[in-house]
Amino acid sequence: MQNEQPSSPEKIKPSLVLGRFLIPLLIQTAAMLTGAFFAVHTEVNGKLVTLETEPVNLSKFIRNSSNRVSYNISNFKILEEIPGWEELPGTPVPCPRNNQPRNRENQCNPDAKLLDPDLTLYAILSPPTAEETGEVPTPWVAVGLSGDRPTELGENQVMIKGRSLEDLVEYEGGKFYLMRSQREEILESLDLTDQEEKLETLVIQLKVNQRGNAVPVNLWIGDRNYLLSN
């Protein structure tokens with residue numbers, strides 16, 4: 001009886017090894033190019049909308065090349081007053097026992113709640129009714145909320161897509177970059193010696209497309225305007 005020869009390990013073809021690296025790389029590259037294409041398309045064809053941010057530490061904000069901001073319509077307390085909030089799924093927040101109804105500052109909103117995490121929603125925005133009186137554009141006003149993408153909007157209205165986090169809503173167009181030259185220019189133009197801990201609201205203009213996707217294009221700090229990269 002002849003002894004069986006041990007089988008030699010099967011060699012992996014170089015093409016298979018190369019494919020394991022190339023395929024994920026190609027998929028990632030395609031995703032990046034697709035995202036870049038839609039961003040450019042939105043910037044060119046989207047509607048110009050103005051939003052105001054939640055207060056930010058200006059000193060720290062300027063020193064970061066990459067920033068993510070929350071808009072005033074990210075705040076649940078602001079959203080509670082907008083039609084459609086009551087239809088969004090979430091967990092009710094009970095009124096505290098020591099709430100004093102006669103004191104307006106202590107009044108509890110019966111519609112207060114925490115939205116379900118990772119909930120997609122759309123804020124419907126309308127242009128300001130007051131005429132523009134200065135160089136800084138006037139923020140648009142949120143007039144409605146919806147958990148489904150609206151199929152019809154009023155005249156001049158747009159919708160912007162958002163996603164709920166723990167205690168706020170993160171909207172499209174909330175992340176952008178400031179080039180080093182821009183940050184240096186801003187630092188030179190502002191006296192931050194007395195503003196190390198000062199919080200200020202900023203004004204940001206975005207281009208918003210018909211699906212609610214948005215890209216930021218302009219940043220206003222005071223009466224100065226800066227172009228944004230995203």
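Helices and strands are runs of residues assigned by DSSP, numbered from the N terminus, with at least four residues for a helix and at least two for a strand. With that in hand, let's walk through this predicted model. Its single list of elements comes to four helices and 14 strands.

Start with the chain as a whole. Of its 230 residues, 35% are buried. The chain exposes about 15500 Å², and carbon and sulfur atoms supply 52% of that area. Now think about which parts of the sequence meet. Among contacts with a separation of 6 or more, 71% join residues 24 or more positions apart.

How confident is the predictor? The mean pLDDT of the chain is 80, and 70% of the residues reach 70 or more. Please read two stretches with care. Residues 30-44 stay under 50 in pLDDT, and the model gives them 14 contacts beyond four places in sequence. Over residues 99-105 the pLDDT is also below 50, and this stretch has six contacts beyond near neighbours in sequence.

Next, look inside. The largest nonpolar core has 38 residues, and the members that touch the most others are Phe61, Ile73, Leu79, Leu125 and Tyr171. Leu125 makes a good place to pause. Beyond its neighbours within four places in sequence, Leu125 is in contact with ten residues you can find in the viewer: Val49, Leu51, Ile73, Trp140, Val141, Ala142, Asn156, Gln157, Val158 and Ile160. One of these, Ile73, is also on the list of residues that touch the most other core members.Now move to helix α4, which spans residues 180-189. Which of its residues are buried? They are Gln182, Arg183 and Ile186. These residues lie on the same side of α4, because they cover an arc of only 100 degrees around the axis. An α-helix has 3.6 residues a turn, so residues three or four places apart point the same way. The face turned away from the buried side carries the exposed residues Arg180 and Glu188. On the buried side, the residues pack against α2 (58-62), β10 (175-177), β13 (214-221) and β14 (224-227).

One of those partners, strand β13, is the place of Asn218. Is Asn218 buried or exposed? Asn218 counts as buried because its relative accessibility is 12%, and the cut-off for buried is under 20%. Leaving aside neighbours within four places in sequence, Asn218 is in contact with Val203, Ile204, Gln205, Asn225, Tyr226, Leu227 and Leu228.

Definitions and conventions
Residues are numbered from 1 along each chain as its sequence is written. This is a predicted model: local features need pLDDT of at least 70, side-chain atom pairs count only at pLDDT 80 or more; totals for chains, interfaces and linings use all residues. Side-chain values use heavy atoms; hydrogens and water are left out. A nonpolar core is a set of buried Ala, Val, Leu, Ile, Met, Phe, Trp, Tyr and Cys residues joined through side-chain atoms within 4.5 Å. Buried means under 20% relative accessible area, exposed over 50%, partly exposed in between (1.4 Å probe, protein chains only). Contact means heavy atoms within 4.5 Å. pLDDT is the predictor's confidence in each residue, from 0 to 100. The arc is that of the directions from the helix axis to the C-beta atoms. Accessible areas come from the Shrake-Rupley method with a 1.4 Å probe; for residues, only the protein chains shown count as cover.
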